[in-house]
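Good morning, and thank you for joining this presentation. I ask that you keep the sequence and the model in view while I speak.

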Amino acid sequence: MTSELKPTTIYSVYGSPLLDESRQQALLFLYQPIIGAEALSLYLNLSSDITVEGKSPELMHADLLAAIDNGLAAMLKAREKLEGIGLLNTFQKEDNELGMTLFYQLIPPLMPIDFFQDALMCYLLMEKIGERRFQRLVERFRPKVVPTEGLTNITKRFRDSYRFEETRFAANTELFDDTHDKFIQPKVAASTFDWTFFNQQLEKFSLTLEEEDQKKIEALHQMYGIDEMEMLDFAVKSSEQNQIQLTFLRNLIVKSKQIKSVDGETEVQLADNRNLSGEFSKAEQEIIRQSERIPPIKYLQAIKKQKGGYETNQEIRLIEDLLSRHLFPNSVVNILINYILVIQNQAVINQNYLNAIANDWAQRKIQRPEEAIVHVRQADQKLVKKKTTNRRNNAAGRKAQGRKEILPTHIKEPPKEKKISPEKEAELNRKLAEYLNKEGES
């Protein structure tokens, strides 16, 4: 924990050793007013520790404190500011010989064009510097448009300038895909759970928590919307010999939330994603807002109740497992639940089907509910053409190859169910909005 950090504590830094000019400008003009000069100094000093291999050697905090020259308490405050704004992730490890060691992962700042498309970042910046200076920075970083009126575009196309052999390109697609995967940055989702406070409270009860169990606690926090104090109550009740029993803790949470869901409202509305074009209807905008406000377990329960069913233990575990992977925010997980149970009208969430969709969305880097809805609509538009093509190809293949063993349908995908009618779906949409609005108010 941060209270144990000493000048002799060992640390290592991971990240990119160099920032391009645009990101440097973002740090100086956009982030510094928000985080302050001391936090910026800490970020730059940590960055200078990183070698070309993308990591630093093992260093002592005494060297870092000497470089920034503002004391341990000030350094910790500056570090918290970097963590809170999304520029730094901090990890700790207990070593039998070295004691606690820290690992800092530096996150590159947003490019200015991305910064100004983030409403929260804009708000934080304007609060610090005022609207007049904020507008000056907007003009400074606003993309400059080249006036083309009255001009003729004579730019050569790619095929006009380069020789391209499609067959050779196709023969190497597997190599290029592998190369692509090596450059994907691992996602480390920002936690909304105050682990420092939670661990301090656990110490008061002489309770310990295994490091690998933190992800499970994090998933339960996201799934059920449980805050630190409520989680502490469950942890105390599920402890045995000063050790938290995760299975018991989870069962207590599930039982508690199921009881609450029975006593609450039962009417729900289901998302209406029909006829989605470039803009979202009012109903779709409300669904997006609900997906960002309601924890996944309540969202799942709401949909199940309106359909006259109930959430199964298997479904709950599947959603918990997905959340523990930190691939998506809660809002996207909610849209995924909605897509399977409502748009596809499945009775239950099937593991293979859920994993297939989640993998697809993760590879497409879907991180917002709006992106998920747009992708779902585009995928559905292609479905009929794809099925028709596959039927023709399968028929030709059977003629050419004779009998071929295939996997049973229930292994590859869940059983098909008839989609609900547009009128029924619209009515359910209205009820879900009413239900989830009441959940949010409570």
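A salt bridge, as the term is used in this talk, is a side-chain nitrogen of Lys or Arg within 4 Å of a carboxyl oxygen of Asp or Glu. I should say at once that the model before you is predicted.

Let me begin with the charged pairs. Side chains of opposite charge can pair when their charged atoms come close. How many salt bridges does this rule give? The count is nine, and I shall present three of them, beginning with Arg-364 and Asp-360. Arg-364 is joined to Asp-360 by a salt bridge in which the closest N and O atoms are 2.8 Å apart. Asp-360 counts as partly exposed because its relative accessible area is 25%.

The next pair is Arg-79 and Glu-83, whose side chains form a salt bridge with an N to O distance of 3.3 Å. Both residues belong to helix H4, where they stand four residues apart, about one turn of the helix. Is Arg-79 buried or exposed? Arg-79 is buried, because its relative accessibility is 5% and the limit for that class is under 20%. Its partner Glu-83, at 28% relative accessibility, is partly exposed.

The third pair is Arg-157 with Asp-160, and here the side chains meet in a salt bridge at 3.4 Å, N to O. Arg-157 is exposed, with 61% relative accessible area, while Asp-160 is partly exposed at 46%.

I turn now to the surface patches. Which residues gather in a patch of negative charge? They are Glu-4, Glu-58, Glu-94, Asp-95, Glu-97 and Glu-203. Of these, Glu-4 can be located in the segment before strand S1, which covers residues 10-14. Glu-4 has a relative accessible area of 38%, so it is classed as partly exposed.

A second patch is nonpolar. Phe-158, Tyr-162, Phe-164, Phe-169, Leu-175 and Phe-176 make up this surface patch, and together they have about 630 Å² of accessible area. Where does Tyr-162 lie? Tyr-162 is in the loop that runs between helix H8 (158-161) and helix H9 (166-171). With a relative accessibility of 56%, Tyr-162 is exposed.

Leu-175, a member of the nonpolar patch, also takes part in a polar contact through its backbone. Its backbone oxygen lies 2.9 Å from a polar atom of the Thr-179 side chain. Thr-179 itself sits in helix H10, residues 173-182, and is partly exposed at 35% relative accessibility.

Another contact between a side chain and the backbone involves His-221. This residue is part of helix H12, and its side chain reaches the backbone oxygen of Ile-226 at 2.7 Å. His-221 counts as buried because its relative accessibility is 10%.

Next, a word on backbone angles. Most residues other than glycine have a negative phi. Which value does phi take at Asp-69? Asp-69 is not a glycine, and yet its phi is positive, about 55 degrees. The residue is placed in the loop between helix H3 (61-68) and helix H4 (72-85). Asp-69 is exposed, at 67% relative accessibility.

Ser-206 likewise is not a glycine and has a positive phi of about 55 degrees. Its loop connects helix H11 (195-204) with helix H12 (214-224). A relative accessible area of 45% makes Ser-206 partly exposed.

Finally, I consider two pairs of residues that are separated along the chain. Arg-289 and Pro-369 are 80 residues apart in that sense, and their C-alpha atoms are separated by 9.0 Å. Arg-289 belongs to helix H15, residues 282-293, and is partly exposed at 42% relative accessibility. In the other pair, Glu-230 and Ile-253 are 23 residues apart in sequence, with 9.8 Å from C-alpha to C-alpha. Glu-230 lies in helix H13, residues 228-237, and its relative accessible area of 24% makes it partly exposed.

To close, I return to the opening definition: the pair Arg-364 and Asp-360 satisfies it, with its closest N and O atoms 2.8 Å apart. Thank you for your attention.

Conventions
Residues are numbered from 1 along each chain as its sequence is written. This is a predicted model: local features need pLDDT of at least 70, side-chain atom pairs count only at pLDDT 80 or more; totals for chains, interfaces and linings use all residues. Side-chain values use heavy atoms; hydrogens and water are left out. Patches are made of residues with over 30% relative accessible area and no salt bridge: like charges are joined within 9 Å, nonpolar side chains (Val, Leu, Ile, Met, Phe, Trp, Tyr) within 5 Å. Accessible areas come from the Shrake-Rupley method with a 1.4 Å probe; for residues, only the protein chains shown count as cover. Lys and Arg count as positive and Asp and Glu as negative; His and the chain ends are not counted. The place of a charge is taken as NZ of Lys, CZ of Arg, CG of Asp or CD of Glu. Helices (H or I, at least four residues) and strands (E, at least two) are DSSP runs, numbered from the N terminus. Buried means under 20% relative accessible area, exposed over 50%, partly exposed in between (1.4 Å probe, protein chains only). A polar contact is a pair of N or O atoms within 3.5 Å; within protein, one must be able to donate a hydrogen and the other to accept it, and residues adjacent in sequence count only if both atoms are side-chain atoms.
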